[in-house]
Amino acid sequence: MSKLQKIFIGIFCAGVLLCGVGTGVALTEFSALSYGGKLALGKTDMRTEYIDVTYEAGEDKLDLTGWYRWMPEDVKTDKSVPVNTVRFCVTYNAERVEPYAYWNEEEGYAAVSWHWKDGEDEVALMMQAKDLVLENLREGKIVSLDVLALEDVTVLVNPAEEGKVRLIY
C-alpha cells in the first residue's frame, strides 16, 4: 500500500469519526428541546359575535357547512333563537378577519365564512415568526405559531327545529 493510499484512508476514517460525533451532538441537542406551546402571530383582538341567518319555513332539512377546523360536531338548541333562524356564535380575531354568515338559496344551506382585512403585512408576520422561533430555540423550546383568524363557531337553533338541522362538510 502506498503512502498516498494510507493518507486517503486516514482522511476517510477521520471524516467518518467527525460525522459520528456531529450526529451525536445534534441528537443530544435535539433531545434537550421541550415544547413551548402555541404562540399567536401579529395583533390579536379576540371577540365573540352572534350572526343570525334566516331561511324559508318550507325547508325540509337545513344543511350547515363550514371549514373542518372549527365547525362543531353538533348543533345546540336555544329557546331565544327565533324559528326559521340559525344563530352562529363566532369567536374571531377582529384585527385580522370579519366574519359573516349567509343562506345559499340554490343549494339550500347556511354557512359561515370570513373576509380577510386589508393591510396585513405578510413579510412583517414572517419576520416576527422567525424572531419568535429563534428566540425560543435559544431558550431550548420549540413552539407552534398561529395566525389567529376564526377560532370557534357554535351553532344554535330553536328547539322546534332540532331534527331539521344537519352539519355537512
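The protein has two helices and 10 strands. Read from the N terminus on, its elements follow the order α-β-β-β-β-β-β-β-α-β-β-β. Keep in mind as you look around that this is a predicted model. Of its 169 residues, 35% count as buried.

**The nonpolar core**

- In soluble globular proteins, nonpolar side chains tend to be buried together.
- Here, the largest nonpolar core holds 21 residues, and Phe88, Val90 and Leu150 are the ones that touch the most other members.
- Strands E2 (46–54), E5 (85–93), E6 (97–104), E7 (109–116) and E9 (150–157) are the elements that give two or more residues to this core.

**Patches on the surface**

- Some nonpolar residues sit on the outside: Phe30, Val133, Leu134, Leu137 and Ile142 form a nonpolar surface patch, with about 420 Å² of accessible area together.
- Helix H2 (residues 122–138) gives the most to this patch, contributing three residues.
- Phe30 belongs to helix H1 (residues 3–31). Its relative accessible area is 55%, so Phe30 counts as exposed, the cut-off being over 50%.
- There is also a negative surface patch, made by Glu56, Glu105, Glu106 and Glu107. To find Glu56, look in the loop between E2 and strand E3 (62–65).

**Salt bridges**

- Side chains of opposite charge can pair when their charged atoms come close. A search of the whole structure finds five salt bridges, and three of them are described below.
- Lys38 and Asp146 meet through their side chains, at 3.2 Å from N to O. Lys38 is in strand E1 (residues 34–40) and Asp146 is in strand E8 (residues 141–146), so this pair ties together parts that are 108 residues apart in sequence.
- The two partners sit in contrasting surroundings: Lys38 is exposed at 54% relative accessibility, whereas Asp146 is buried at 11%.
- Asp52 pairs with Arg87, and their closest N and O atoms are 2.7 Å apart. This salt bridge also links distant parts of the chain, with Asp52 in strand E2 and Arg87 in strand E5, 35 residues apart.
- Asp52 is partly exposed, with 40% relative accessibility, while Arg87 has a relative accessible area of 15% and is buried.
- Lys141 and Glu139 form a salt bridge as well, at 3.2 Å from N to O. Lys141 is partly exposed at 27% relative accessible area, and Glu139 is partly exposed at 48%.

Key:
Residues are numbered from 1 along each chain as its sequence is written. This is a predicted model: local features need pLDDT of at least 70, side-chain atom pairs count only at pLDDT 80 or more; totals for chains, interfaces and linings use all residues. Side-chain values use heavy atoms; hydrogens and water are left out. Patches are made of residues with over 30% relative accessible area and no salt bridge: like charges are joined within 9 Å, nonpolar side chains (Val, Leu, Ile, Met, Phe, Trp, Tyr) within 5 Å. Accessible areas come from the Shrake-Rupley method with a 1.4 Å probe; for residues, only the protein chains shown count as cover. A salt bridge is a side-chain nitrogen of Lys or Arg within 4 Å of a carboxyl oxygen of Asp or Glu. Helices (H or I, at least four residues) and strands (E, at least two) are DSSP runs, numbered from the N terminus. Buried means under 20% relative accessible area, exposed over 50%, partly exposed in between (1.4 Å probe, protein chains only). A nonpolar core is a set of buried Ala, Val, Leu, Ile, Met, Phe, Trp, Tyr and Cys residues joined through side-chain atoms within 4.5 Å. Lys and Arg count as positive and Asp and Glu as negative; His and the chain ends are not counted. The place of a charge is taken as NZ of Lys, CZ of Arg, CG of Asp or CD of Glu.
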